[in-house]
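This report covers one helix and one internal cavity. The sequence and structure are shown first.

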Amino acid sequence: MRIATWNVNSSRARAERIGDWLDRSDVDVLAMQETKARDHQFPESVFTDRGYEVAHHGLSQWNGVAIASRVGLEDVRIGFPGQPGFGDPEEREARAIAATCGGVQVWSLYVPNGREVDHPHYAYKLRWLEALREAGAARLAEVPEAQIAYVGDFNIAPQDDDVWDMAAFEGLTHVTEPERAAFAELVDAGFSEVVRDYTPGPGVYTYWDYKGLAFPKRKGMRIDFVLASPALRARVTGASIDREERKGKGASDHAPVIVALDGADSQPVDRPQTKK
């Protein structure tokens, strides 16, 4: 089985590209973030026409998460226990959806950005991650053998190699110690990041800004991850980042990240070019 995660940055604007990518990639499960659609606006036929079941959670033109699966889509859940909201009055945003696909509980997660270090959204981000850790730890304590995948856009670069230049991020979100500690606490709770071993850096990213020719200049960030429970980690045989999908007109600013389970072939990985 092959599971992928992709921040599509608008499911409607990129519906055709998503469909074409599904045809090429042959993945069994695709978790999407930043669909930017209400449920009735989501392009469901892109998936159903290709034999995928799909579940979507979108409340406005912002955020939005979805899961498409051709190996079953059961026990769909919106949000996780304790998931905090944002704003005044506080509202729980469309940032988490789960479904059991081929025996794996897949969570499509769109972690809050944080905006600025002194912004209320930054504190919200840390609360959100702490609630996710507590929910995950509780589930593993209850069912240690559970196969769980936390996948998505985490809006955190856990290591210095995960950004093109640490100096460029001084004083900014995504690389602060509290954010990195929150990510590490998820790992300590039992969820291993399973992509890096197959896509080692430096120079390997999943996101490139649209501005400043960031993509051709290789000025990116690694912020999209697959975190696996112990039982699921034991099944991982490969992983890749489809950097090619970031190219061309109308591309998302994120690349799909793919994990292969139980003997499925992994695809070529993004490797930094060697300067001569």
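## Helix α4

The model is predicted. Helix α4 spans residues 177-188, 12 residues in total. From its first C-alpha to its last the helix reaches 16 Å, close to the 16 Å expected at 1.5 Å a residue.

Just after α4, Gly190 adopts a positive phi of about 120 degrees.

## Buried and exposed sides of α4

The buried residues of α4 are Glu179, Arg180, Ala182, Phe183 and Leu186. They lie on the same side of α4 because they cover an arc of only 155 degrees around the axis. Two charged residues, Glu179 and Arg180, are thus listed among the buried ones, where buried means under 20% relative accessible area.

The face turned away from this buried side carries Glu177 and Asp188, both exposed. On the buried side, the packing partners are α3 (120-142), β8 (148-153), β9 (192-193) and β12.

## The cavity

How many cavities of 30 Å³ or more does the structure hold? There is one. The largest cavity has a volume of about 40 Å³.

Its lining consists of Ile3, Ala149, Val194, Val226, Ala228, Leu232, Val236, Val259 and Leu261. By class, these are nine nonpolar residues, with no polar and no charged residues in the lining.

Strands β12 (224-228) and β14 (257-261) each supply at least two residues of this lining. Strand β12 therefore appears in both parts of this report: the buried residues of α4 pack against β12, and β12 contributes to the lining of the largest cavity, where strands are DSSP runs numbered from the N terminus.

Notes
Residues numbered from 1 in each chain as written. Predicted model: local features only at pLDDT ≥ 70, side-chain atom pairs only at ≥ 80, totals over all residues. Heavy atoms only, no water. 1 Å grid on protein atoms, 1.4 Å probe; cavity = no way out; pocket = protein on both sides within 12 Å on 5 of 7 lines; lining within 4 Å. Points joined across faces, edges and corners; volume = space filled by probe spheres on them. Helix = DSSP H or I, 4+ residues; strand = E, 2+ residues; numbered from the N terminus. Expected span 1.5 Å × (residues − 1). Buried < 20%, exposed > 50% of the residue type's maximum accessible area, 1.4 Å probe, protein only. Arc of directions from axis to C-beta. Contact = heavy atoms within 4.5 Å.
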